[in-house]
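Biologist: Hi! Could you walk me through this model? I'd like to start with some strand pairing.

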Amino acid sequence: MNIHGIRAIYGFEMARTRRTLLQSIVSPVISTSLYFVVFGAAIGSHMNGIDGVSYGAFIVPGLVMLSLLTQSISNASFGIYFPKFVGTIYEILSAPVSPFEIVAGYVGAAASKSIILGAIILVTARLFVTFGIAHPLWMVVFLVLTAVTFSLFGFIIGIWADNFEKLQLVPLLIVTPLTFLGGSFYSIHMLPPLWQKVTLFNPVVYLISGFRWSFYGVSDVSVGISLGMTLVFLAICLGLVWWIFRSGYRLKA
Amino acid sequence: MQPIISVQQLSKTYASGFQALKPIDLQIRKGEIFALLGPNGAGKTTLISIICGIVNPSAGSVLADGHDVVRDYRAARMKIGLVPQELTTDSFETVWNTVSFSRGLFGRSPNPAHIEKVLKDLSLWNKKDSRIITLSGGMKRRVMIAKALSHEPQILFLDEPTAGVDVELRRDMWEMVRGLRASGVTIILTTHYIDEAEQMADRIGVINKGELILVEDKAELMNKLGRKQLTLQLQDALPAIPAALDGYALELSDDGRQLVYSFDAQGEHTGIDVLLRRLAEAGIDFKDLKTSQSSLEDIFVDLVRERA
């Protein structure tokens with residue numbers, strides 16, 4: 001195991017975060033704060049609570065997930081896309097690092113960033129609304145699992161993309177809608193019966209539901225299913241990454 | 001002696017169907033400077049890229065210091081440093097960080113003293129805290145060499161190291177390469193500048209259209225394929241080569257004022273003495289003479305043209 005190699009990639013990526021601190025950390029915090037001001041404080045104060053949780057508090061887990069998903073994907077996809085774009089990938093490909101070590105470095109860094117970000121958003125949210133965390137350990141499990149899974153997903157997008165448009169395409173056209181429709185701002189029980197069924201095909205529903213359960217002990221779908229679906233998605237991403245390195249897809253001629 | 005790099009029946013056909021390398025066999029000796037010459041698109045970079053793990057081979061195998069570069073890639077790659085042709089750097093990193101990164105990536109524990117030495121050897125020490133984006137092209141090239149040397153490789157690949165580099169830096173680089181060889185590093189370089197190969201290399205390989213058409217000691221190559229010429233500037237123009245000089249490989253210029261005699265530099269008798277005597281007998285005076293030897297460049301152009 002090339003520990004120094006993993007550490008080098010991880011350190012390089014974290015240094016990139018520090019260089020772009022404003023973009024990486026500050027801007028998601030500001031946009032999340034805006035959500036709280038608008039949905040939590042302004043609109044939320046005129047709404048009834050959901051499942052006995054005040055609306056402002058109800059949207060906290062969803063908002064953290066929203067940032068976690070989009071940031072994991074964008075961090076990881078950019079992290080591997082950029083070396084391909086400028087050509088510095090030659091060094092990674094010619095180094096004595098295994099696919100596992102490459103992924104551990106890039107995905108580890110992207111996931112770390114997202115987790116730090118999630119924590120910052122939680123602290124920010126606490127300034128606007130009061131909430132407690134019923135199952136802190138499970139909260140961390142869901143946070144870490146989601147960050148790792150979606151960083152892997154971002155890594156795959158970064159490998160697949162051969163131009164900047166593609167890099168933006170999946171997050172913009174698929175992930176953002178799925179997240180908004182996945183129950184960030186509402187309980188799926190508030191939907192008409194047909195849409196309650198349709199929405200179950202949205203994997204983000206399970207993430208948000210499980211995460212919310214760890215806060216308030218209430219969920220749209222059972223927490224076991226949430227966990228299971230998250231693991232399934234993780235397994236799919238791992239399988240794809242394995243295939244990418246095996247075939248050299250978009251990495252090696 | 002066991003070769004440090006052993007290429008066996010290595011070939012590459014890209015997905016497009018383009019055959020970049022026909023089956024190639026090549027042995028690189030430990031501690032030598034090997035220059036790979038060839039026109040653009042000949043397959044030089046493909047060959048290097050396969051050895052370094054950037055391109056997958058279609059067939060054949062490569063051993064680097066006894067380790068298969070595919071099956072035993074970790075051990076093989078730890079021995080190899082690569083300076084690619086393109087100037088690709090992490091613009092926003094500092095010189096120190098990017099070189100330290102490379103060392104870690106290649107599995108070595110941090111060693112600031114070694115990094116310091118590499119940067120000093122490459123005249124980069126006073127730029128160590130500069131961001132790469134602020135450096136000139138020549139400096140960036142040095143940074144890439146520093147990265148390749150950061151993990152103390154035994155084999156160094158330099159793909160067109162002096163392309164677009166000014167004269168001074170070129171000299172510096174040659175000196176650095178010689179210094180590395182003196183420390184036991186094997187160096188494989190590709191170049192367009194044939195005088196560079198002539199100056200630096202112990203052995204030369206010529207690759208053309210994916211085929212390794214020749215591998216030879218530089219000195220032997222120059223001897224074997226090099227021809228010498230004696231050029232005489234005549235006092236008075238000659239209408240034709242006199243019959244008395246039949247049997248000599250002579251050429252007369254169009255204006256009749258220059259006579260060129262080609263001879264084999266290796267031959268026992270060059271024939272110059274007799275030729276000059278005959279000229280005197282025939283009453284042909286000359287005002288100047290010079291001899292010249294074909295350069296590696298001439299040899300190279302001949303070789304590649306022959307195969308075209």
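Modeller: Happy to. Gln8(B) has Ser61(B) as its bridge partner in β4(B). Keep in mind that this is a predicted model.

Biologist: How many bridges join β1 to β4 of chain B, and which way do they run?

Modeller: Strand β1 (residues 5-13) and strand β4 (residues 59-64) of chain B run antiparallel, with five bridges joining them. They belong to an open sheet of four strands in chain B, ordered β2-β1-β4-β5, with antiparallel pairing.

Biologist: And which strands stand at the edges?

Modeller: Those are β2 (19-28) and β5 (67-68) of chain B. Each has a single partner strand, so one side of each is left without a neighbour in the sheet.

Biologist: What about Arg71(B), buried or exposed?

Modeller: Arg71(B) counts as exposed, because it has 9 C-beta neighbours inside 10 Å and the cut-off for exposed is 12 or fewer. Arg71(B) lies in the loop between β5 and α2 of chain B. Measuring from C-alpha to C-alpha in the model, Arg71(B) and Ala20(B) are 22 Å apart in space and 51 residues apart in sequence.

Biologist: Let's switch to β9 of chain B. How many of its residues are buried?

Modeller: Six of the six residues of β9 (residues 203-208) of chain B are buried, so the strand is largely enclosed by the rest of the structure.

Biologist: Which residues point which way there?

Modeller: Arg203(B), Gly205(B) and Ile207(B) point one way from β9(B), while Ile204(B), Val206(B) and Asn208(B) point the other way. All of them are buried. As background, side chains in a regular strand alternate between the two faces of the sheet.

Biologist: What does β9(B) pair with in the parallel sense?

Modeller: That would be strand β3 (residues 33-37) of chain B, over four bridges. Within that part of the chain, Leu37(B) has Val206(B) of β9(B) as its bridge partner.

Biologist: And on the antiparallel side, how many bridges are there to β10(B)?

Modeller: Six bridges join β9(B) to strand β10 (residues 211-217) of chain B. One example is Gly205(B), whose bridge partner in β10(B) is Val215(B). The two strands form a hairpin with two residues between them. In the turn, Lys209(B) has a positive phi of about 50°.

Biologist: Nice. How is chain B divided into domains?

Modeller: Domain 1 covers 5-223 and domain 2 covers 227-294 of chain B. Taken over C-alpha atoms, the centres of the two domains are separated by 45 Å.

Biologist: What does β11(B) pair with?

Modeller: β11(B) runs antiparallel to strand β13 (residues 258-263) of chain B, and six bridges join them. Gln229(B) has Ser262(B) as its bridge partner in β13(B). β11(B) also pairs with strand β14 (residues 286-293) of chain B, in the antiparallel sense over seven bridges. There, Leu234(B) is partnered by Phe286(B) of β14(B).

Biologist: Where does Asp236(B) lie?

Modeller: Asp236(B) is in the loop between β11 (228-234) and β12 (250-252) of chain B. With 11 C-beta neighbours inside 10 Å, Asp236(B) counts as exposed. Asp236(B) and Arg257(B) are 21 residues apart in sequence, yet 6.5 Å apart in space from C-alpha to C-alpha.

Biologist: Now the two chains together. How many residues are in contact?

Modeller: 27 residues of chain B are in contact with 22 residues of chain A. On the side of chain B that touches chain A, the elements giving two or more residues are α2 (73-78) and α3 (95-105) of chain B. The largest share, five residues, comes from α3(B). By class, that side of chain B has twelve nonpolar, nine polar and six charged residues.

Biologist: Over to chain A, then. What's the story with α10(A)?

Modeller: Helix α10 (residues 223-247) of chain A has 25 residues and reaches 36 Å from its first C-alpha to its last, close to the 36 Å expected. The buried residues of α10(A) are Ser226(A), Thr230(A), Phe233(A), Cys237(A) and Val241(A). What covers them includes α5 (99-128), α6 (136-160) and α9 (203-216) of chain A. Just after α10(A), Gly248(A) takes a positive phi of about 75°.

Biologist: And what pLDDT does chain A average?

Modeller: Chain A averages a pLDDT of 90, and 100% of the residues score at least 70. Among the elements of chain A, helix α2 (residues 21-43) has the lowest mean pLDDT, 81, and α6(A) has the highest, 95.

Technical notes:
Residues numbered from 1 in each chain as written. Chains lettered and ligands numbered in written order. Predicted model: local features only at pLDDT ≥ 70, side-chain atom pairs only at ≥ 80, totals over all residues. Expected span 1.5 Å × (residues − 1). Buried ≥ 20, exposed ≤ 12 C-beta atoms within 10 Å, placed from the backbone. Contact = placed C-beta atoms within 7 Å. Domains from an automatic or database assignment. Pairing = 2+ DSSP bridges. pLDDT = per-residue confidence, 0-100. Nonpolar A, V, L, I, M, F, W, Y, C, P; charged D, E, K, R; others polar.
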